[in-house]
Amino acid sequence: MSAHESTWTLRRLHVGELPALEAARVREHAETCEACGAQLRSFSATQAAFEAEVPFERFEAGVERTVERQARAAKEPVTRAAWVRPLKAVAASVFVLVLALPLLYRDGVGTVQPPVMGNRMKGGAGAELRIGGGAEPQRVASLDAPEALRPGERVRLGYTPETHRYVAALSVDVWGEVTPLYPESGDSLAVEPGAGTHWLPESVEFTGVGAERVVLVLTDAPVSMEALSDAARKSFEAAGRNVTLMAPLDVAGEQAQWILLKP
Amino acid sequence: MTGPTPLALKVVPPRTPEDRRVVLRDLYVKYGGSVRERCRYLLKDASRAEDAMQDVFARALVHGDSFRAEASPLTWLMKIATHHCLNQLRSEGAAWRRWFARDEAARSEGHGGAEAMETRDLVRKLLARVDAETQAAAIHYHVDGMTLEEVAAVLGRSVPTVRKRLEAFAELGGEELNVR
(Lines give C-alpha, C1' and ligand atoms only; values in the text may rest on other atoms or scores of the structure.)
Protein backbone atom coordinates (compact mmCIF):
# COMPACT_ATOMS: atom_id res chain seq x y z
CA MET A 1 0.00 0.00 0.00
CA SER A 2 1.23 3.48 -0.84
CA ALA A 3 2.61 5.59 1.98
CA HIS A 4 0.88 8.60 0.45
CA GLU A 5 -2.73 9.53 0.19
CA SER A 6 -4.16 9.48 -3.31
CA THR A 7 -4.44 12.77 -5.13
CA TRP A 8 -8.18 12.32 -5.27
CA THR A 9 -8.44 11.79 -1.51
CA LEU A 10 -6.43 14.95 -0.93
CA ARG A 11 -8.61 16.83 -3.37
CA ARG A 12 -11.73 15.71 -1.56
CA LEU A 13 -10.17 16.76 1.72
CA HIS A 14 -9.45 20.14 0.20
CA VAL A 15 -13.10 20.73 -0.72
CA GLY A 16 -14.37 19.29 2.54
CA GLU A 17 -15.96 16.15 1.21
CA LEU A 18 -14.25 13.55 3.37
CA PRO A 19 -16.09 12.15 6.38
CA ALA A 20 -14.82 13.63 9.64
CA LEU A 21 -12.74 10.69 10.81
CA GLU A 22 -11.08 10.15 7.45
CA ALA A 23 -10.52 13.85 7.07
CA ALA A 24 -8.75 14.02 10.42
CA ARG A 25 -6.54 11.09 9.52
CA VAL A 26 -5.64 12.43 6.09
CA ARG A 27 -5.04 15.91 7.41
CA GLU A 28 -2.75 14.56 10.09
CA HIS A 29 -0.80 12.62 7.50
CA ALA A 30 -0.52 15.62 5.20
CA GLU A 31 0.90 17.72 8.00
CA THR A 32 3.87 15.41 8.32
CA CYS A 33 4.22 14.26 4.71
CA GLU A 34 5.99 16.71 2.48
CA ALA A 35 4.55 15.35 -0.79
CA CYS A 36 0.96 15.20 0.40
CA GLY A 37 1.26 18.56 2.11
CA ALA A 38 2.58 20.07 -1.10
CA GLN A 39 -0.26 18.51 -3.04
CA LEU A 40 -2.82 19.98 -0.67
CA ARG A 41 -1.20 23.39 -0.88
CA SER A 42 -1.25 23.16 -4.66
CA PHE A 43 -5.03 22.81 -4.60
CA SER A 44 -5.29 25.90 -2.47
CA ALA A 45 -2.97 27.71 -4.87
CA THR A 46 -5.08 26.63 -7.85
CA GLN A 47 -8.23 27.91 -6.19
CA ALA A 48 -6.52 31.15 -5.17
CA ALA A 49 -5.28 31.72 -8.70
CA PHE A 50 -8.75 31.05 -10.02
CA GLU A 51 -10.32 33.54 -7.65
CA ALA A 52 -7.69 36.13 -8.49
CA GLU A 53 -8.22 35.75 -12.23
CA VAL A 54 -11.98 35.24 -12.22
CA PRO A 55 -13.72 37.39 -9.62
CA PHE A 56 -16.96 35.99 -8.29
CA GLU A 57 -19.05 38.64 -10.03
CA ARG A 58 -17.62 37.63 -13.39
CA PHE A 59 -18.13 33.96 -12.61
CA GLU A 60 -21.70 34.55 -11.53
CA ALA A 61 -22.51 36.65 -14.58
CA GLY A 62 -20.95 34.08 -16.88
CA VAL A 63 -22.84 31.16 -15.39
CA GLU A 64 -26.14 33.06 -15.43
CA ARG A 65 -25.56 34.04 -19.04
CA THR A 66 -24.90 30.42 -19.86
CA VAL A 67 -28.11 29.31 -18.16
CA GLU A 68 -30.03 31.89 -20.20
CA ARG A 69 -28.24 30.96 -23.39
CA GLN A 70 -29.01 27.28 -22.89
CA ALA A 71 -32.66 28.11 -22.26
CA ARG A 72 -32.77 30.32 -25.34
CA ALA A 73 -31.07 27.66 -27.46
CA ALA A 74 -34.06 25.42 -26.93
CA LYS A 75 -36.32 28.10 -28.33
CA GLU A 76 -34.40 29.58 -31.21
CA PRO A 77 -33.97 28.35 -34.77
CA VAL A 78 -30.99 26.25 -35.73
CA THR A 79 -30.23 25.90 -39.41
CA ARG A 80 -29.38 22.53 -40.80
CA ALA A 81 -29.56 21.13 -44.26
CA ALA A 82 -32.94 19.54 -43.86
CA TRP A 83 -33.90 20.46 -40.33
CA VAL A 84 -34.61 23.76 -38.76
CA ARG A 85 -35.75 25.34 -35.57
CA PRO A 86 -35.26 23.56 -32.30
CA LEU A 87 -38.21 24.76 -30.32
CA LYS A 88 -39.80 25.19 -27.02
CA ALA A 89 -42.86 23.04 -26.62
CA VAL A 90 -41.08 19.74 -27.03
CA ALA A 91 -37.98 20.81 -25.25
CA ALA A 92 -39.89 22.12 -22.28
CA SER A 93 -42.03 19.11 -21.64
CA VAL A 94 -40.05 16.23 -22.98
CA PHE A 95 -38.21 15.69 -19.75
CA VAL A 96 -41.33 14.84 -17.83
CA LEU A 97 -42.60 12.36 -20.37
CA VAL A 98 -40.11 9.58 -20.57
CA LEU A 99 -41.32 6.47 -22.32
CA ALA A 100 -38.40 4.59 -23.78
CA LEU A 101 -39.52 1.96 -26.21
CA PRO A 102 -37.59 -1.23 -26.71
CA LEU A 103 -35.07 -0.65 -29.43
CA LEU A 104 -36.62 -2.02 -32.58
CA TYR A 105 -36.27 -1.41 -36.23
CA ARG A 106 -38.84 -1.67 -38.92
CA ASP A 107 -37.93 -3.54 -42.03
CA GLY A 108 -38.87 -2.68 -45.57
CA VAL A 109 -42.28 -4.29 -45.52
CA GLY A 110 -43.35 -2.85 -42.25
CA THR A 111 -42.60 -5.81 -40.00
CA VAL A 112 -41.44 -4.97 -36.54
CA GLN A 113 -38.08 -6.57 -35.98
CA PRO A 114 -36.34 -7.36 -32.72
CA PRO A 115 -33.35 -5.35 -31.53
CA VAL A 116 -30.38 -5.41 -33.82
CA MET A 117 -26.98 -6.07 -32.36
CA GLY A 118 -24.80 -7.18 -35.21
CA ASN A 119 -26.21 -10.62 -35.67
CA ARG A 120 -27.27 -10.92 -32.09
CA MET A 121 -30.22 -9.75 -30.07
CA LYS A 122 -29.76 -7.72 -26.99
CA GLY A 123 -32.39 -6.24 -24.72
CA GLY A 124 -32.45 -3.25 -22.48
CA ALA A 125 -31.43 -0.43 -24.78
CA GLY A 126 -34.17 1.86 -25.97
CA ALA A 127 -34.92 4.78 -28.21
CA GLU A 128 -37.73 7.21 -28.63
CA LEU A 129 -38.72 9.83 -31.14
CA ARG A 130 -41.14 12.28 -29.60
CA ILE A 131 -43.23 14.66 -31.66
CA GLY A 132 -44.62 17.88 -30.32
CA GLY A 133 -44.83 21.59 -30.69
CA GLY A 134 -47.85 21.67 -32.96
CA ALA A 135 -51.52 22.03 -32.23
CA GLU A 136 -51.88 18.38 -31.28
CA PRO A 137 -50.74 16.81 -28.01
CA GLN A 138 -47.28 15.31 -27.88
CA ARG A 139 -46.94 11.76 -29.09
CA VAL A 140 -44.32 9.09 -29.49
CA ALA A 141 -43.55 8.17 -33.08
CA SER A 142 -44.43 4.63 -33.98
CA LEU A 143 -41.77 2.25 -35.18
CA ASP A 144 -44.18 0.15 -37.19
CA ALA A 145 -45.87 2.73 -39.38
CA PRO A 146 -44.92 5.99 -41.02
CA GLU A 147 -45.73 8.93 -38.81
CA ALA A 148 -47.33 11.95 -40.40
CA LEU A 149 -46.06 15.27 -39.17
CA ARG A 150 -48.38 18.22 -38.99
CA PRO A 151 -47.29 21.76 -39.79
CA GLY A 152 -45.15 23.20 -37.05
CA GLU A 153 -44.44 19.92 -35.35
CA ARG A 154 -40.95 19.12 -34.21
CA VAL A 155 -39.23 16.04 -32.99
CA ARG A 156 -36.80 15.11 -30.33
CA LEU A 157 -34.69 11.98 -30.02
CA GLY A 158 -34.07 10.09 -26.80
CA TYR A 159 -32.10 6.98 -26.05
CA THR A 160 -31.47 4.55 -23.22
CA PRO A 161 -27.94 3.31 -23.79
CA GLU A 162 -27.77 0.44 -21.32
CA THR A 163 -24.33 -1.01 -22.06
CA HIS A 164 -23.68 0.99 -25.21
CA ARG A 165 -21.32 3.91 -25.07
CA TYR A 166 -21.86 5.91 -28.23
CA VAL A 167 -24.86 7.38 -29.94
CA ALA A 168 -25.40 8.93 -33.34
CA ALA A 169 -28.36 9.88 -35.47
CA LEU A 170 -28.92 10.80 -39.07
CA SER A 171 -31.78 11.14 -41.51
CA VAL A 172 -32.34 10.25 -45.15
CA ASP A 173 -34.85 12.00 -47.37
CA VAL A 174 -36.71 10.71 -50.42
CA TRP A 175 -33.87 11.69 -52.71
CA GLY A 176 -31.31 9.82 -50.66
CA GLU A 177 -29.83 12.96 -49.19
CA VAL A 178 -28.23 11.98 -45.88
CA THR A 179 -28.14 14.55 -43.09
CA PRO A 180 -25.92 13.76 -40.10
CA LEU A 181 -27.83 15.02 -37.09
CA TYR A 182 -25.98 14.04 -33.95
CA PRO A 183 -23.23 14.91 -34.36
CA GLU A 184 -23.12 16.81 -37.62
CA SER A 185 -19.55 15.66 -38.24
CA GLY A 186 -16.74 13.71 -36.63
CA ASP A 187 -17.35 10.59 -34.60
CA SER A 188 -20.47 9.49 -32.77
CA LEU A 189 -21.10 11.08 -29.39
CA ALA A 190 -20.30 9.47 -26.07
CA VAL A 191 -23.57 8.68 -24.35
CA GLU A 192 -24.57 10.79 -21.39
CA PRO A 193 -23.52 9.23 -18.10
CA GLY A 194 -26.16 7.74 -15.87
CA ALA A 195 -29.06 5.38 -16.22
CA GLY A 196 -32.36 6.14 -17.89
CA THR A 197 -33.32 7.99 -21.00
CA HIS A 198 -31.14 10.80 -22.28
CA TRP A 199 -32.31 13.35 -24.81
CA LEU A 200 -30.21 14.63 -27.62
CA PRO A 201 -30.09 18.43 -27.56
CA GLU A 202 -32.52 20.61 -29.45
CA SER A 203 -35.87 19.78 -30.91
CA VAL A 204 -35.96 19.93 -34.67
CA GLU A 205 -38.42 20.53 -37.44
CA PHE A 206 -38.34 19.05 -40.92
CA THR A 207 -38.62 21.19 -43.97
CA GLY A 208 -39.58 20.10 -47.44
CA VAL A 209 -42.06 17.39 -48.29
CA GLY A 210 -42.20 13.63 -48.53
CA ALA A 211 -40.81 10.90 -46.33
CA GLU A 212 -37.76 11.14 -44.17
CA ARG A 213 -36.14 8.21 -42.42
CA VAL A 214 -34.56 8.93 -39.06
CA VAL A 215 -31.97 6.48 -37.77
CA LEU A 216 -30.54 6.38 -34.25
CA VAL A 217 -27.57 4.10 -33.66
CA LEU A 218 -26.09 2.92 -30.36
CA THR A 219 -22.65 1.36 -30.53
CA ASP A 220 -19.88 0.16 -28.28
CA ALA A 221 -17.15 1.97 -30.19
CA PRO A 222 -17.11 5.35 -31.88
CA VAL A 223 -18.29 5.43 -35.47
CA SER A 224 -17.53 8.24 -37.85
CA MET A 225 -20.53 10.08 -39.24
CA GLU A 226 -18.93 9.69 -42.64
CA ALA A 227 -19.06 5.90 -42.29
CA LEU A 228 -22.62 6.01 -41.00
CA SER A 229 -23.66 8.25 -43.86
CA ASP A 230 -22.04 5.90 -46.35
CA ALA A 231 -23.92 2.98 -44.80
CA ALA A 232 -27.15 4.94 -45.13
CA ARG A 233 -26.49 5.72 -48.79
CA LYS A 234 -25.75 2.06 -49.50
CA SER A 235 -28.95 1.02 -47.78
CA PHE A 236 -30.86 3.62 -49.79
CA GLU A 237 -29.41 2.35 -53.06
CA ALA A 238 -30.03 -1.28 -52.07
CA ALA A 239 -33.67 -0.42 -51.45
CA GLY A 240 -34.05 0.78 -55.01
CA ARG A 241 -33.70 4.38 -53.88
CA ASN A 242 -36.92 4.07 -51.90
CA VAL A 243 -36.40 5.57 -48.47
CA THR A 244 -39.37 3.73 -47.03
CA LEU A 245 -37.88 0.35 -47.94
CA MET A 246 -34.41 0.78 -46.52
CA ALA A 247 -32.95 -2.05 -44.46
CA PRO A 248 -31.06 -1.35 -41.24
CA LEU A 249 -27.67 0.20 -41.79
CA ASP A 250 -24.83 -2.25 -42.00
CA VAL A 251 -23.05 -1.12 -38.86
CA ALA A 252 -22.34 -2.81 -35.54
CA GLY A 253 -24.55 -2.00 -32.60
CA GLU A 254 -28.25 -1.45 -32.20
CA GLN A 255 -30.40 0.94 -34.17
CA ALA A 256 -33.89 2.32 -34.25
CA GLN A 257 -35.53 3.73 -37.36
CA TRP A 258 -38.62 5.83 -37.90
CA ILE A 259 -40.26 7.14 -41.04
CA LEU A 260 -41.74 10.60 -40.84
CA LEU A 261 -44.02 12.07 -43.49
CA LYS A 262 -43.36 15.75 -43.76
CA PRO A 263 -46.39 18.01 -44.15
CA MET B 1 -8.22 23.44 14.10
CA THR B 2 -11.79 23.09 13.00
CA GLY B 3 -13.20 19.93 11.48
CA PRO B 4 -13.98 19.37 7.85
CA THR B 5 -17.02 20.84 6.22
CA PRO B 6 -20.06 18.59 5.75
CA LEU B 7 -19.97 15.74 3.29
CA ALA B 8 -22.55 16.95 0.82
CA LEU B 9 -22.75 20.35 -0.77
CA LYS B 10 -25.89 22.16 0.19
CA VAL B 11 -27.18 22.95 -3.23
CA VAL B 12 -30.85 23.72 -3.17
CA PRO B 13 -33.17 24.52 -6.03
CA PRO B 14 -32.87 28.27 -6.32
CA ARG B 15 -35.92 30.04 -4.92
CA THR B 16 -34.82 33.61 -4.98
CA PRO B 17 -31.95 35.45 -6.60
CA GLU B 18 -30.31 35.64 -3.20
CA ASP B 19 -30.52 31.86 -2.67
CA ARG B 20 -29.12 31.31 -6.11
CA ARG B 21 -26.24 33.63 -5.38
CA VAL B 22 -25.40 31.72 -2.22
CA VAL B 23 -25.37 28.47 -4.15
CA LEU B 24 -23.14 29.92 -6.83
CA ARG B 25 -20.72 31.36 -4.33
CA ASP B 26 -20.44 28.00 -2.61
CA LEU B 27 -19.67 26.37 -5.94
CA TYR B 28 -17.20 29.11 -6.78
CA VAL B 29 -15.12 28.91 -3.62
CA LYS B 30 -15.07 25.14 -3.40
CA TYR B 31 -14.88 23.89 -6.93
CA GLY B 32 -14.14 26.75 -9.29
CA GLY B 33 -10.40 26.17 -9.39
CA SER B 34 -10.67 22.43 -9.89
CA VAL B 35 -13.24 22.61 -12.68
CA ARG B 36 -11.42 25.35 -14.53
CA GLU B 37 -8.19 23.41 -14.23
CA ARG B 38 -9.83 20.38 -15.83
CA CYS B 39 -11.22 22.46 -18.68
CA ARG B 40 -7.89 24.13 -19.32
CA TYR B 41 -6.10 20.81 -19.26
CA LEU B 42 -8.31 19.43 -22.01
CA LEU B 43 -9.13 22.49 -24.09
CA LYS B 44 -5.74 24.15 -23.77
CA ASP B 45 -7.21 27.60 -24.11
CA ALA B 46 -8.02 29.90 -21.22
CA SER B 47 -11.01 31.56 -22.86
CA ARG B 48 -12.63 28.35 -24.06
CA ALA B 49 -11.93 26.77 -20.71
CA GLU B 50 -13.78 29.53 -18.93
CA ASP B 51 -16.74 29.08 -21.24
CA ALA B 52 -16.71 25.34 -20.62
CA MET B 53 -16.46 25.88 -16.90
CA GLN B 54 -19.52 28.11 -17.04
CA ASP B 55 -21.39 25.40 -18.93
CA VAL B 56 -20.56 22.92 -16.20
CA PHE B 57 -21.71 25.15 -13.36
CA ALA B 58 -24.81 26.19 -15.30
CA ARG B 59 -25.66 22.52 -15.53
CA ALA B 60 -25.16 22.13 -11.79
CA LEU B 61 -27.59 24.99 -11.26
CA VAL B 62 -30.18 23.72 -13.69
CA HIS B 63 -29.97 20.15 -12.39
CA GLY B 64 -29.93 21.23 -8.77
CA ASP B 65 -31.95 18.28 -7.49
CA SER B 66 -29.77 15.55 -8.91
CA PHE B 67 -26.65 17.51 -8.16
CA ARG B 68 -27.70 17.96 -4.56
CA ALA B 69 -28.25 14.23 -4.24
CA GLU B 70 -24.66 13.48 -5.12
CA ALA B 71 -22.53 12.21 -2.24
CA SER B 72 -19.56 13.92 -3.86
CA PRO B 73 -20.30 17.10 -5.78
CA LEU B 74 -16.61 17.22 -6.68
CA THR B 75 -16.90 13.87 -8.44
CA TRP B 76 -20.04 14.98 -10.27
CA LEU B 77 -18.49 18.23 -11.42
CA MET B 78 -15.22 16.68 -12.55
CA LYS B 79 -17.05 13.94 -14.41
CA ILE B 80 -19.28 16.44 -16.17
CA ALA B 81 -16.40 18.78 -16.92
CA THR B 82 -14.35 15.96 -18.40
CA HIS B 83 -17.26 14.64 -20.43
CA HIS B 84 -18.21 18.12 -21.64
CA CYS B 85 -14.71 19.01 -22.81
CA LEU B 86 -14.10 15.68 -24.51
CA ASN B 87 -17.42 15.94 -26.29
CA GLN B 88 -16.68 19.51 -27.29
CA LEU B 89 -13.42 18.46 -28.87
CA ARG B 90 -15.07 15.55 -30.62
CA SER B 91 -17.92 17.65 -31.93
CA GLU B 92 -15.45 19.97 -33.57
CA GLY B 93 -14.68 17.26 -36.05
CA ALA B 94 -11.61 15.45 -37.21
CA ALA B 95 -9.31 18.19 -35.97
CA TRP B 96 -9.81 17.00 -32.42
CA ARG B 97 -7.52 14.06 -33.08
CA ARG B 98 -4.68 16.45 -33.72
CA TRP B 99 -5.67 18.61 -30.81
CA PHE B 100 -4.41 16.33 -28.08
CA ALA B 101 -1.12 15.77 -29.80
CA ARG B 102 -0.52 19.48 -30.08
CA ASP B 103 1.21 20.66 -26.98
CA GLU B 104 3.07 23.78 -27.92
CA ALA B 105 0.17 25.96 -26.83
CA ALA B 106 -0.52 23.96 -23.74
CA ARG B 107 0.47 24.90 -20.28
CA SER B 108 0.61 22.18 -17.71
CA GLU B 109 -1.94 22.87 -15.06
CA GLY B 110 -0.81 20.27 -12.61
CA HIS B 111 0.96 20.67 -9.34
CA GLY B 112 2.29 17.25 -8.56
CA GLY B 113 5.88 17.93 -9.47
CA ALA B 114 7.73 17.31 -12.70
CA GLU B 115 6.89 13.62 -12.86
CA ALA B 116 3.17 14.18 -12.42
CA MET B 117 3.21 16.94 -15.00
CA GLU B 118 4.92 14.66 -17.47
CA THR B 119 2.33 11.98 -16.83
CA ARG B 120 -0.49 14.44 -17.41
CA ASP B 121 1.07 15.60 -20.63
CA LEU B 122 1.66 12.05 -21.78
CA VAL B 123 -1.93 11.10 -21.00
CA ARG B 124 -3.23 14.05 -22.97
CA LYS B 125 -1.13 13.22 -26.00
CA LEU B 126 -2.45 9.68 -26.04
CA LEU B 127 -6.13 10.50 -25.62
CA ALA B 128 -6.83 10.73 -29.33
CA ARG B 129 -5.85 7.11 -29.77
CA VAL B 130 -8.51 5.61 -27.52
CA ASP B 131 -12.27 5.55 -27.23
CA ALA B 132 -14.19 8.03 -25.11
CA GLU B 133 -14.63 5.80 -22.11
CA THR B 134 -10.94 4.99 -21.98
CA GLN B 135 -10.21 8.69 -22.28
CA ALA B 136 -12.34 9.41 -19.24
CA ALA B 137 -10.87 6.48 -17.32
CA ALA B 138 -7.33 7.61 -18.08
CA ILE B 139 -8.03 11.16 -16.99
CA HIS B 140 -9.72 10.18 -13.76
CA TYR B 141 -7.03 7.64 -12.93
CA HIS B 142 -3.83 9.34 -14.02
CA VAL B 143 -4.75 12.99 -13.72
CA ASP B 144 -7.27 13.03 -10.88
CA GLY B 145 -5.48 10.29 -9.00
CA MET B 146 -8.60 8.25 -8.38
CA THR B 147 -8.28 4.62 -7.41
CA LEU B 148 -9.50 1.91 -9.76
CA GLU B 149 -12.58 1.55 -7.59
CA GLU B 150 -13.31 5.25 -7.74
CA VAL B 151 -12.91 5.35 -11.51
CA ALA B 152 -15.18 2.33 -11.84
CA ALA B 153 -17.82 4.06 -9.73
CA VAL B 154 -17.62 7.25 -11.79
CA LEU B 155 -17.95 5.40 -15.08
CA GLY B 156 -20.49 2.88 -13.87
CA ARG B 157 -18.23 0.01 -14.88
CA SER B 158 -16.65 -2.90 -13.04
CA VAL B 159 -13.14 -2.65 -11.68
CA PRO B 160 -11.86 -5.40 -14.03
CA THR B 161 -13.33 -3.54 -17.00
CA VAL B 162 -11.66 -0.30 -15.98
CA ARG B 163 -8.40 -2.09 -15.31
CA LYS B 164 -8.52 -3.67 -18.74
CA ARG B 165 -9.08 -0.30 -20.39
CA LEU B 166 -6.28 1.33 -18.44
CA GLU B 167 -3.89 -1.50 -19.18
CA ALA B 168 -4.62 -1.11 -22.87
CA PHE B 169 -4.01 2.60 -22.49
CA ALA B 170 -0.72 1.91 -20.68
CA GLU B 171 0.47 -0.15 -23.61
CA LEU B 172 0.46 3.04 -25.64
CA GLY B 173 2.53 4.99 -23.17
CA GLY B 174 4.90 2.66 -21.39
CA GLU B 175 5.68 2.04 -17.75
CA GLU B 176 4.79 5.50 -16.65
CA LEU B 177 1.15 4.63 -17.18
CA ASN B 178 1.18 1.25 -15.49
CA VAL B 179 -1.92 0.38 -13.52
CA ARG B 180 -1.34 -0.46 -9.89
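Start by selecting strands S9 and S10 (residues 178-182) of chain A: they pair in the antiparallel sense over four bridges. A strand here is a DSSP run of E with at least two residues, a helix is a run of H or I with at least four, and both are numbered from the N terminus. Two strands count as paired if DSSP finds at least two bridges between them.

Before you click on, know that this is a predicted model, where local features need pLDDT of at least 70, side-chain atom pairs count only at pLDDT 80 or more, and totals for chains, interfaces and linings use all residues. Residues are numbered from 1 along each chain as its sequence is written, while chains are lettered from A and ligands numbered from 1 in the order in which they are written.

**Stop 1: around S9(A)**

Zoom in on Ala169(A) and you'll find its bridge partner in S10(A), Tyr182(A). S9(A) and S10(A) make a hairpin with four residues between them. Click Gly176(A) in that turn: its phi is positive, about 85°.

Now add S14(A), residues 210-219, which pairs with S9(A) in the antiparallel sense over eight bridges. Look for Val172(A), which stands opposite Arg213(A) in S14(A). S11(A) also runs antiparallel to S9(A), joined by two bridges. There, Tyr166(A) stands opposite Ala190(A).

Is S9(A) enclosed or open? Eight of the eight residues of S9(A) (residues 166-173) are buried, so the strand is largely enclosed by the rest of the structure. Buried means that 20 or more other C-beta atoms, placed from the backbone, lie within 10 Å of the residue's own; 12 or fewer makes it exposed, and in between is partly exposed. In a regular strand the side chains alternate between the two faces of the sheet. Color Tyr166(A), Ala168(A), Leu170(A) and Val172(A) for one side of S9(A), then Val167(A), Ala169(A), Ser171(A) and Asp173(A) for the other; both faces are covered.

**Stop 2: helix H1(A)**

Next, select H1(A), which is mostly covered, with eight of its eight residues buried. Among them are Trp8(A), Leu10(A) and Arg11(A). Just after the helix, pick Gly16(A), whose phi is positive, near 80°.

**Stop 3: where the chains touch**

Show both chains: 38 residues of chain A are in contact with 44 residues of chain B. Contact means that the C-beta atoms of two residues, placed from the backbone, lie within 7 Å. H4(A) gives the largest share of chain A's side, eight residues. By class, that side has 20 nonpolar, 12 polar and six charged residues. Nonpolar covers Ala, Val, Leu, Ile, Met, Phe, Trp, Tyr, Cys and Pro; charged covers Asp, Glu, Lys and Arg; the others, Gly among them, are polar.

**Stop 4: helix H7(B)**

Hop over to residues 132-143 of chain B. 12 of the 12 residues of H7(B) are buried, so this helix is largely enclosed by the rest of the structure. Try a ruler on it: at 1.5 Å a residue H7(B) should span 16 Å, and its end C-alpha atoms are 16 Å apart, which agrees. The expected span is 1.5 Å times one less than the number of residues. After H7(B) comes Gly145(B), with a positive phi near 75°.

**Stop 5: color by confidence**

Finally, color chain A by pLDDT, the predictor's confidence in each residue, from 0 to 100. The mean for chain A is 77, and 80% of its residues reach 70 or more. Which elements mark the lowest and highest means? H5(A), residues 88-93, has the lowest (28) and H3(A) the highest (95). Over residues 77-122 of chain A the pLDDT is below 50.
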